[in-house]
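User: I'm new to protein structures and would like to learn how to read the surroundings of a ligand. Can you walk me through one?

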Amino acid sequence: MALTFEHVTLGQRVLFGSGKAAENLAAEVARLGAQKVMVIASEFETGMARVVATGIEVALWHHDVVMHVPVEVAEKARAAAAEHGIDLLVCVGGGSTTGLAKAVALTTGIPIVAVPTTYAGSEATNVWGLTEAARKTTGVDDAVLPATVIYDAELTLTLPVELSVASGLNALAHCVDSLWAPRADPINAALAAEGIRALNQGLPAVKADPAGMEGREQALYGAYLAAVAFASAGSGMHHKICHVLGGTFNLPHAQTHATVLPYVLAFNAGAAPEAEKRIAAAFGTAGALEGLLALRETLDAPQALADYGFTEDNIPEAVRIALPAIPASNPRPVTDANLTALLTAALHGDDPKTLTDL
Ligand code: NAD
């Protein structure tokens, strides 16, 4: 078959080096010629941020970070940036912190240098998200793509194992979902496959030795590849479902992705043989679902949406909102009935294999 595709590579500088965040940030701030830097980090992340920012002059510290970026929180940060004449945003933290920096960049055009401390991957995408009246809206705008990402695996050492696992499986979901997302192409598939391989190697190492740098570096490297693949391929069925669960029902982001992924993989795999083979090869297992389930067992992964506050009563509303958002190009047709069955299985933590031939 002829190889024909259209692929967009986003322009971004990436500096990867353990123990080098402060040095790399100082060099980037100088290179960009920034005069008024606003550092965004949640209260909890501030300790890390202060260490990372040791070599730069900070005009404004901003700590008011809330998951899924409520509009009011974004407005406050935008007003603070305007008031102080900020010309560079530096975010140090997880996806929520990066998300707030993106919300400021969206309306002001101020560039971002992102220093991620989880495996969420928002730093490598041009996707923004805002939540208003319990509805999460996402959009794409190159203004929110950080100009530079500074990866330092030492910053992830404090991420508890449970959160490392959930966040790492969130990254894995970027890889898997990108294989059938609307703009899936051979380039993002190659990145996704290498992301799966790196995460499958790194996450068990993190679980076995949370203080070991090798596992942390592999996991962070895999998370970056995952995010690049996701940014290029777009949101597939998995992300559309999880956005509704997070935005409307306020479920925790990483844990929700970690829980839902095996159900979406089980649901789609039979209808997406190429993706299935690719995922299996990346895991080094005979089947894709087999590889994911084996990894999840090693990691003692999150099991059921019920553990995060989702209930049977929420399912009809979740289906009503998610169903029209799922891309028509999804390999397997999604209906009210089979999406209800998928969410019911994920709610209870049932065996994902029950979804293979709904
Ligand atoms: P998060 O940023 O909410 O962080 C989870 C918790 O971990 C927080 O309490 C945080 O303070 C803490 N934390 C962060 N780094 C830590 C560290 N090194 N050690 C210890 N604790 C640490 O969660 P997340 O999963 O990183 O990000 C989720 C958010 O990111 C969601 O809102 C999601 O929609 C968004 N996101 C957006 C994109 C995109 O492309 N726009 C992609 C992925 C995720």
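**Reading a ligand site**

Analyst: Sure! Keep in mind that this model is predicted. Let's begin with the helices: helix 4 (95-108) and helix 9 (253-269) each supply at least two residues of the shell around the ligand.

User: Which helix gives the largest share of the shell?

Analyst: That's helix 4, with three residues.

User: How many residues surround the ligand, and which are the closest?

Analyst: To find neighbours, you look for residues with a heavy atom within 4 Å of the molecule. Here 23 residues surround the ligand, and Ser96, Thr117, Thr118, Thr125 and Lys136 are the closest. Sorted by class, the shell has eleven polar, nine nonpolar and three charged residues.

User: Where does the ligand lie relative to the two domains?

Analyst: Check who contributes to the shell. Domain 1 (13-156) and domain 2 (161-357) both give residues to it, so the ligand lies between them. The space the ligand takes is also the largest pocket.

User: What about polar contacts with the ligand's nitrogen atoms?

Analyst: For these, you look for N or O pairs within 3.5 Å. A backbone N or O atom of Leu155 is 2.8 Å from a nitrogen atom of the ligand. With Thr158, a polar side-chain atom lies 2.8 Å from a ligand nitrogen. For Ser122, a side-chain N or O atom is 3.5 Å from a nitrogen atom of the ligand.

User: And how much of the ligand does the protein cover?

Analyst: On its own, the ligand has 860 Å² of accessible area, and the protein covers 85% of that.

Technical notes: Residues are numbered from 1 along each chain as its sequence is written. This is a predicted model: local features need pLDDT of at least 70, side-chain atom pairs count only at pLDDT 80 or more; totals for chains, interfaces and linings use all residues. Side-chain values use heavy atoms; hydrogens and water are left out. A polar contact is a pair of N or O atoms within 3.5 Å; within protein, one must be able to donate a hydrogen and the other to accept it, and residues adjacent in sequence count only if both atoms are side-chain atoms. Accessible areas come from the Shrake-Rupley method with a 1.4 Å probe; for residues, only the protein chains shown count as cover. On a 1 Å grid over the protein atoms alone, a cavity is a set of points where a 1.4 Å probe fits but cannot get out, and a pocket is an open set with protein on both sides within 12 Å along at least five of seven lines; lining residues have an atom within 4 Å of a point. A molecule sits in a cavity or pocket if more than half of its atoms lie within 2 Å of its grid points. Helices (H or I, at least four residues) and strands (E, at least two) are DSSP runs, numbered from the N terminus. Ala, Val, Leu, Ile, Met, Phe, Trp, Tyr, Cys and Pro count as nonpolar, Asp, Glu, Lys and Arg as charged, and the others, Gly among them, as polar. Domain bounds come from an automatic or database domain assignment.
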